[in-house]
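Please consider the structure shown here. The paragraphs after it lead through the sheet, the core and the chain as a whole.

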Amino acid sequence: MARGGAWAAVAAVVVLWWMWAGAGAVWLEIPPSGTKCVAEEIRNNVVVIADYSVLYEHHQVHPTVSVKVTSPFGYTLHTKEKVSADQFAFTTAEAGNFLACFSADGDSKGLVVKLNLDWKIGIAAKDWDSVAKREKLEGVELELVKLDATVQAIHQNLILLRIKESDMRDVNEKTNARISWLSMMSLSVCILVSVLQLLHLKQYFRKKKLI
């Protein structure tokens, strides 16, 4: 039973690594007049490599795009104009949503441009061939090293999720406390206004000698 559980754990890690390594490629359709953006939430100190290329699809002209990649704080990490294929790479200095925006330019503005974006993050962006040559790893050894890197990356992501969950819980508790105080204040104001209205009406009726 223990051996079966170990194999199940290894299989789960393999599936997670496959999902981690292959989830970065996307297809974009850029409208004739407009911009299409892709956002990716990435933690700090992570290597990012992305390749993008325009699909011609029998157009009379070769479409080109303008590209701009920005950090969560608005810093420009990569910018290009009138390109049909290129690559950008950087190491994140802060955590947050990194934004890659594409727009048709030049003679491509009247066309719907299709673009392939292969966005690799972390271990997916690592040059495993160089690692294998440097460490003299082959076959199963290299796969085990990949799995170890995957487990570490998943563990770091779980820690990050736990921190975010804790922060969200604190925000919810503060919000609930403020709503409770606001509800009590509203109820107190309503009671005070009702009492003042009652006293005012009572005084008014006495002046009119109705009571």
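Strand β4 (residues 64–70) and strand β7 (residues 96–105) are paired in the antiparallel sense over seven bridges. Strands here are DSSP runs of E with at least two residues, helices are runs of H or I with at least four, and both are numbered from the N terminus; two strands pair if DSSP finds at least two bridges between them. Threonine 70 has leucine 99 in β7 as its bridge partner. The model is predicted, so local features need pLDDT of at least 70 and side-chain atom pairs count only at pLDDT 80 or more, while totals for chains, interfaces and linings use all residues. Residues are numbered from 1 along each chain as its sequence is written, and side-chain values use heavy atoms, with hydrogens and water left out.

An open sheet of four strands, with antiparallel pairing, follows the order β2-β7-β4-β5. Because β2 (35–42) and β5 (76–83) stand at its edges with a single partner strand each, one side of each has no neighbour in the sheet.

The largest nonpolar core (buried Ala, Val, Leu, Ile, Met, Phe, Trp, Tyr and Cys residues joined through side-chain atoms within 4.5 Å) has 24 residues. Buried means under 20% relative accessible area, with a 1.4 Å probe and protein chains only. Phe88 and Trp119 are among the residues with the most contacts inside this core. Strand β8 gives the most to the core, with five residues. Leaving aside neighbours within four places in sequence, phenylalanine 88 is in contact (heavy atoms within 4.5 Å) with residues including Tyr52, Val69 and Trp119.

Overall, the chain has three helices and eight strands, and 25% of its 211 residues count as buried.

Key: Buried < 20%, exposed > 50% of the residue type's maximum accessible area, 1.4 Å probe, protein only.
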